[in-house]
Amino acid sequence: MPKQIRVKTRAIVTFLNYMHFEMTCCLISQVIPISHKMKIPNPKKKRPVARNAEELKSEAWFLKTRGRVSSLESALNIKDGFFWELSHSGDDWSFLLKIHTLLEMAIAHLIQQRIDIDELNLIIEKVPMNGGAASKMKIASALSLLDNDTDKFLDALTKLRNKAAHQIDSVNLTMDDFIKLIQKSEVKHLFLRPGPNLSEDEVVASVLSSPRFAIWASSLNLLSAIYEKKAKILTPRLVQTLSSNFLRGENYSSGLKGLLDL
C-alpha cells in the first residue's frame with residue numbers, strides 16, 4: 001500500500017475511533033475506495049445491519065449524532081438533512097460557503113442561548129465570524145463556549161472560505177486548489193481533534209489527501225459539541241423558573257438539581 005494511502009487510512013481510523021464512530025465495513029469502504037479518491041457516505045442510503053457489539057455501538061453513535069445535527073438544523077430553520085447533503089453533493093466552492101455559513105449560524109445560536117437576551121439576537125447575528133475588535137468567535141471564547149482547538153479550526157476554515165468568496169474565478173476551483181491558497185501552517189488545523197496518535201505531518205498529509213472529508217468530519221464533530229454545550233446551558237430565565245418551582249415545591253427534584261448546579 002502506498003505511504004500516502006497508509007497515512008490517510010491511519011488518520012481516518014484514528015479520527016473515527018476518537019469520536020466513538022467506528023463505522024461499519026461498508027462505511028470504511030466508501031471513505032477509502034479503491035480509486036483512493038475520498039468519498040463521504042450518504043446517510044440516506046440504507047445501512048447494513050450491525051453484526052456485533054462494536055457495530056451496534058457505532059450505529060447508536062451515528063443515530064445519536066444525526067439526531068443532534070437534525071435538532072440544530074431545526075433550531076436554525078434549515079431543512080432537515082442539509083448538513084448530510086453537503087457530504088456528497090455540490091461543488092467544492094459551494095461546499096465551503098455553505099458549511100462555513102452553517103457553522104457560523106450554529107455558533108451564533110449557541111451564543112444567543114448562553115446570553116439569553118432577545119434584544120441582542122440580531123446584533124449577534126450581524127457580528128462577523130472572525131476578525132476585528134469583536135466577532136462571534138471572540139464572544140464564544142469569552143463565554144467558554146469554544147476551546148483553543150476549535151478556534152484554530154474555525155480560523156483556518158474562515159480564511160479558506162474568504163479565499164473562495166472574494167474571488168469570482170474561484171468558483172471553478174477544487175478543494176485542492178483552495179488548500180494551496182492558505183499557509184501550510186494552517187492546513188493541520190482543518191482537521192479538528194484528529195487524535196493523539198497522529199504526528200503533525202500525518203495530520204497534514206491526511207488533510208491534503210482529502211481536504212473536503214477532513215472539513216466535513218471536523219464540522220460534524222463541532223456541531224455535535226455545540227449541541228452538547230447548548231443542552232448544558234443554564235440560562236437566567238431557566239434559573240428563575242427552577243428556583244420558583246423549587247420554592248413552590250413543584251418539580252422538586254429538577255428544581256433542586258438546577259439550583260445545585262449553579
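What is the mean pLDDT of the protein, and what share of its residues reach 70 or more? For this predicted model, the mean comes out at 78, with 70% of the residues at 70 or more. Two stretches fall short of that. Over residues 5-9 the pLDDT is below 50, and this stretch has 10 contacts in the model beyond near neighbours in sequence. The pLDDT is also below 50 over residues 12-39, a stretch with 59 contacts beyond near neighbours in sequence. Where pLDDT is low, the predicted coordinates should not be read in detail.

On to the overall fold. The secondary structure amounts to 14 helices and 0 strands, so a walk along the sequence reads α-α-α-α-α-α-α-α-α-α-α-α-α-α. The protein has 262 residues, and 45% of them count as buried. Among contacts with a separation of 6 or more, 66% link residues that sit 24 or more positions apart.

Next comes the interior. The largest nonpolar core has 55 residues, and those with the most contacts inside it are Phe-83, Leu-96, Leu-154, Leu-160, Leu-190 and Ile-215. At least two residues of this core come from each of H3, helix H4 (82-86), helix H5 (92-115), helix H7 (136-142), helix H8 (148-165), helix H9 (175-179), helix H11 (200-209) and H12. H5 gives the most, with 11 residues. In soluble globular proteins, nonpolar side chains tend to be buried together. Leu-154, one of the core residues with the most contacts, gives a local view of the packing. Leaving aside residues up to four places away in sequence, Leu-154 touches Leu-103, Ile-107, Met-129, Met-137, Leu-146 and Leu-222.

Two of the helices that feed this core, H3 and H12, also pack against each other. Two packed helices are described by the angle between their axes and the distance between the axes. Here the axes of H3 (residues 53-75) and H12 (residues 211-232) come within 9 Å and cross at roughly 70°. An angle of 65 to 115 degrees counts as roughly perpendicular, and H3 and H12 are therefore roughly perpendicular to each other. On the H3 side, the contact is made by Trp-61, Thr-65, Arg-68, Val-69, Ser-71, Leu-72 and Ala-75. H12 contributes Leu-220, Leu-223, Ser-224, Ile-226, Tyr-227, Glu-228 and Lys-230. By type, the residues of this contact split into 8 nonpolar, 3 polar and 3 charged.

The loops have a few details of their own. Asn-77 is found in the loop between H3 and H4, and its phi is near 60°, a positive value in a residue other than glycine. Asn-77 has a relative accessible area of 75%, so it counts as exposed. Ser-144 also has a phi near 60°, again positive in a residue other than glycine, and lies in the loop between H7 and H8. With a relative accessibility of 57%, Ser-144 is exposed. Ala-134 lies in the loop between helix H6 (121-126) and H7. This residue has a relative accessible area of 42%, so Ala-134 is partly exposed. Not counting residues up to four places away in sequence, Ala-134 touches Val-127 and Pro-128.

Conventions:
Residues numbered from 1 in each chain as written. Predicted model: local features only at pLDDT ≥ 70, side-chain atom pairs only at ≥ 80, totals over all residues. Heavy atoms only, no water. Axes fitted to C-alpha atoms, helices over the stretch in contact; angles between N-to-C directions. Helix = DSSP H or I, 4+ residues; strand = E, 2+ residues; numbered from the N terminus. Parallel < 35°, antiparallel > 145°, perpendicular 65-115°, else oblique. Contact = heavy atoms within 4.5 Å. Nonpolar A, V, L, I, M, F, W, Y, C, P; charged D, E, K, R; others polar. pLDDT = per-residue confidence, 0-100. Core = buried A, V, L, I, M, F, W, Y, C linked by side-chain atoms within 4.5 Å. Buried < 20%, exposed > 50% of the residue type's maximum accessible area, 1.4 Å probe, protein only.
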